[in-house]
Amino acid sequence: MSASCRKGLVLVLSALWLGQAAAVSLDEVKQRGYLSVATEDDYAPFEMIKDGKPAGFTEDLMVELKAYAPFAIKQEIMPWTGLLPAVLAGKYDAAITGAVVSPERLQRFNFAPPVMTATHYVVLRTKDDSVQSAADLAGKTLGVQAGSVALARLPELEVMLAESGGKLGKVVEYTSYPEAYADLANGRLDYVVSAYAGAKTLTTQRPKVFKMGMAVSGAGYHAWPVPKDSPEVLAFLTAFIEHIRANGKLAEIQQKWFGESLPDLPTTPITSEQQYLEMISQ
């Protein structure tokens, strides 16, 4: 993408972020006959396209949601870069995707109860033995997805590096993680910072190319964002997650895609920065 195109994209997305979605009640959803949701297209193992069809952890949850809901679920799959701004602008009622909770996002969204943990880790080339500790990351070129919480949490890595007298190197932002991993594999990057689930899946599936390094952030969570002014939609999604937790489906789908179930995830929606910070400090 050219510099001018990238600048234009940033301006468009900034304008969308400044808007506010119109409040949506469940009565309105029932009256029109569907809940409108946006899903990312390329964030394995949460979302991916396989043989022309959506697949992954989120898609399996979507199957359960469509069976649970008393109305249709209208799903649109789109690139991550414009997904949250589109929800905020009122094009969709919620984002059913692998979004990570952050204080910045909590200014505009509430989040349904978490479906996965999201501590951020380093991904390295398997044959790269130059990184044995966080201090060895100093000055190296790193890749991260644009607009991601991994990008927002890089100051935590900066603190870790400062403790050993080092500094963060060049940061390259990508539209999607597969692009970043491709550049890591071919040597254009020294490492990528990604949430645990994505990093684990990649390094498990391609161990000859990639390996998982150390954690470079504190605790975090993947959860579904809902605009602040749609509490009934948040309550509906919260009830759904409680339903699949109680019947064992959530644990089953977690095990399928992440190789583990997580029974100790928080069970309440996340609606404020203070609540979130208390959760990740426990």
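**Two sheets, two cavities and a pocket**

Okay, let's start inside: the second largest cavity is lined by Thr-39, Glu-40, Phe-46, Glu-47, Met-48, Pro-54, Ala-55, Thr-58, Glu-59, Gln-75 and Ile-77. A cavity here is a set of points on a 1 Å grid, over the protein atoms alone, where a 1.4 Å probe fits but cannot get out, and lining means an atom within 4 Å of a point.

Before I go on, this is a predicted model, with pLDDT of at least 70 needed for local features and 80 or more for side-chain atom pairs, while totals for chains, interfaces and linings use all residues. Residues count from 1 along each chain as its sequence is written, and side-chain values use heavy atoms, without hydrogens or water.

Back to that cavity. About 50 Å³ of space lies in it, the volume being what probe spheres fill when set on the grid points, which are joined across faces, edges and corners. Which elements supply at least two residues each to the lining of the second largest cavity? Those are strand 1 (34-40), strand 3 (53-55), helix 3 (57-68) and strand 4 (72-78). Helices (H or I, at least four residues) and strands (E, at least two) are DSSP runs, numbered from the N terminus. The lining divides into 5 nonpolar, 3 polar and 3 charged residues; nonpolar is Ala, Val, Leu, Ile, Met, Phe, Trp, Tyr, Cys and Pro, charged is Asp, Glu, Lys and Arg, and the others, Gly among them, are polar.

The whole structure has 2 cavities of 30 Å³ or more. The largest has a volume of about 110 Å³. Its lining has 14 residues, and Tyr-43, Gly-98, Val-100, Gln-145 and Ser-148 lie nearest its centre. By class, the lining of the largest cavity comes out at 8 nonpolar, 4 polar and 2 charged.

Now the sheets. Strands 4, 1 and 5 form an open, parallel sheet of 3 strands, in the order 4-1-5. Strand 4 and strand 5 (94-95) are at the edges with a single partner strand each, so each has one side without a neighbour in the sheet. Pairing takes at least two DSSP bridges between two strands; strand 1 and strand 4 have 7, running in the parallel sense. One of the residues to look at is Glu-40, whose bridge partner in strand 4 is Met-78. Helix 3 packs on this sheet, where it touches strand 1 and strand 4, and its direction makes about 160° with that of strand 4. Contact means heavy atoms within 4.5 Å; axes are lines fitted to C-alpha atoms, for helices over the stretch in contact, with angles from 0 to 180 degrees between N-to-C directions.

Helix 3 has another partner: helix 9 (residues 231-246) packs with it at an angle of about 110°, the axes being 11 Å apart. That makes the two helices, 3 and 9, roughly perpendicular; the ranges are under 35 degrees for roughly parallel, over 145 for roughly antiparallel, 65 to 115 for roughly perpendicular and oblique for the rest. And who makes the contact? From helix 3 you get Leu-61, Glu-64, Leu-65 and Tyr-68, and from helix 9 Phe-236, Leu-237, Ala-239, Phe-240, His-243 and Ile-244. Those contact residues split into 8 nonpolar, 1 polar and 1 charged.

On to the other sheet: 5 strands, open, order 10-9-11-8-12, mixed pairing. Its edges are strand 10 (171-174) and strand 12 (210-215), each with a single partner strand, so one side of each has no neighbour in the sheet. On average, neighbouring strands here are turned by 35° against each other, ignoring direction. Strand 8 (residues 120-125) pairs with strand 12 in the antiparallel sense over 4 bridges, and Tyr-121 stands opposite Ala-215 in strand 12.

Next, a pocket, meaning an open set of points with protein on both sides within 12 Å along at least five of seven lines. The second largest one has a volume of about 360 Å³. It is lined by 20 residues, with Ala-44, Gly-198, Thr-201, Leu-202 and Gln-205 closest to its centre. Two or more lining residues come from each of helix 7 (177-185), helix 8 (196-205) and helix 10 (249-258). Helix 8 gives the most, with 6 residues. The class split for this pocket is 11 nonpolar, 6 polar and 3 charged.

Last, two backbone details. Ala-44 to Pro-45 is a cis peptide bond, omega near 5°, and Pro-45 is in the loop between strand 1 and strand 2 (48-50). Then there's Asp-51, not a glycine, yet with a positive phi of about 55°; Asp-51 is in the loop between strand 2 and strand 3.
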